[in-house]
Amino acid sequence: MSAISDPPPVLPLPRPHTADGRERHVGVEIELSGLTEARVAALLSRSLGGEAREQVPGQWQVTDSRLGDFEIYLDSRPLLKLEYEGLGRQLRDLARNVVPVEIVSKPLEIAQIAELDIALDRLAEAGATGTTGGVLLGFGVHFNPEAVSLDFDDIAPVLTAYALVEDHLRRIAGIDMSRRLLPWVDPYPRALIDRLAAPGAPTTMAKLIDTYLEHAPSRNHGLDMLCLFAQIDRTRVARVMDMEQISARPTYHWRLPDCRIDEPNWSLAREWNRWVLVERVAGNTTLLERLKSAWREHRASLTTIRPDWAWKVQELLLEAGL
């Protein structure tokens, strides 16, 4: 059972507003097991207010809660197409051993993550389980922070910062073995980091998107940029990717964190704060240049392994006071 005895404060974004002055929001997706969709909806409604109702068989909503609306469903397109009674119901019940129930929020204010954390604690008390509940589960939490703008100068530093600190984030987060082995949160290829850290790194949005599509053409990375790039230039992305499951939106899609809802002291806030670190690095030009230079030196060594780079990143972050 989760017991968030001392959750960290939810850190604000270093750039809390969009380029046009609106407060930035974040959508949250949480994958869990141990409870049915109906039970999850009822508990969220009890914790946050609002009305829980089944829109269509197997797909629930909580509307008009203090945090806005939520959708709750089994995260499997084939299962959603099945009839709900008879064999369809039996297959759904069997699938719950490996297919998560997913909670999807509407865009939240950043500070509201703390109240959602409390609601998740109630789910854990009722029996919700997360990533480590089974060998093949690999359930995660996805954050969709709104981008400051769709301009190159606002997006390229964030992508570059994440690429350079990803190994450090994976080490301190202790990503579960099931998620590391399964192809859902693959680390960025070194070739992509090489291009982003090079003196001749992309200088336009078109070149940045092309570089990403050349070296990381997959939705299954810890930071999936395809939704954001599709918002910017759908035609360019569609030349390389099947767009069926790529939903264009002006947000980053950070899918690295595990869902450890049933573990003591796990919290959304702790995972969110790691994203804030990425944006702090992106906004620190001096640190970002030091990381780029250190990466080039690391790659020039006779032997280069990811754990060595993770420790080097930690050293540079500590020197920068992060």
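**Entry 1. Helix 12**

I began with Lys312, which forms a salt bridge with Glu315; the closest N and O atoms are 3.3 Å apart. The model is a predicted one. I then looked up where the two residues lie: both are in helix 12 (residues 306-319), and because they are three residues apart there, about one helical turn separates them. For Lys312 I noted a relative accessible area of 29%, so this residue is partly exposed. Glu315 has a relative accessible area of 38% and is therefore also partly exposed.

**Entry 2. Helix 5**

I next looked up Glu166, whose salt-bridge partner is Arg170, with 3.6 Å between the closest N and O atoms. Helix 5 (residues 152-173) holds both Glu166 and Arg170, and they are four residues apart, about one turn of the helix. I checked the burial of the pair and found Glu166 and Arg170 both buried.

**Entry 3. Helices 8 and 9**

I turned to Arg236, which forms a salt bridge with Asp210, the closest N and O atoms being 2.9 Å apart. Which parts does this pair tie together? Arg236 belongs to helix 9 (residues 226-238) and Asp210 to helix 8 (residues 205-215), so the salt bridge ties together parts that are 26 residues apart in sequence. I also recorded the accessibility of each partner. Arg236 has a relative accessible area of 16%, which lies under the 20% cut-off, so Arg236 is buried. Asp210 has a relative accessible area of 35%, which falls between the 20% and 50% cut-offs, so Asp210 is partly exposed.

**Entry 4. Salt bridges in the whole structure**

How many salt bridges does a search of the whole structure find? I noted a total of 18. I also noted a network of salt bridges that links Asp20, Arg22 and Glu146.

**Entry 5. Strands 3, 4 and 5**

I then followed the strands, starting with strand 3 (residues 59-65) and strand 4 (residues 68-74), which pair in the antiparallel sense over five bridges. Between strand 3 and strand 4 I found a hairpin, with two residues making the connection. As a point of reference for this pairing, I noted that Trp60 has Ile72 in strand 4 as its bridge partner.

Strand 4 also runs antiparallel to strand 5 (residues 101-105), and five bridges join them. Which residue of strand 5 is the bridge partner of Phe70? I found that the partner is Ser105. I closed the entry with strand 4 recorded as paired with strand 3 and joined to strand 5.

Conventions
Residues are numbered from 1 along each chain as its sequence is written. This is a predicted model: local features need pLDDT of at least 70, side-chain atom pairs count only at pLDDT 80 or more; totals for chains, interfaces and linings use all residues. Side-chain values use heavy atoms; hydrogens and water are left out. A salt bridge is a side-chain nitrogen of Lys or Arg within 4 Å of a carboxyl oxygen of Asp or Glu. Buried means under 20% relative accessible area, exposed over 50%, partly exposed in between (1.4 Å probe, protein chains only). Two strands pair if DSSP finds at least two bridges between them.
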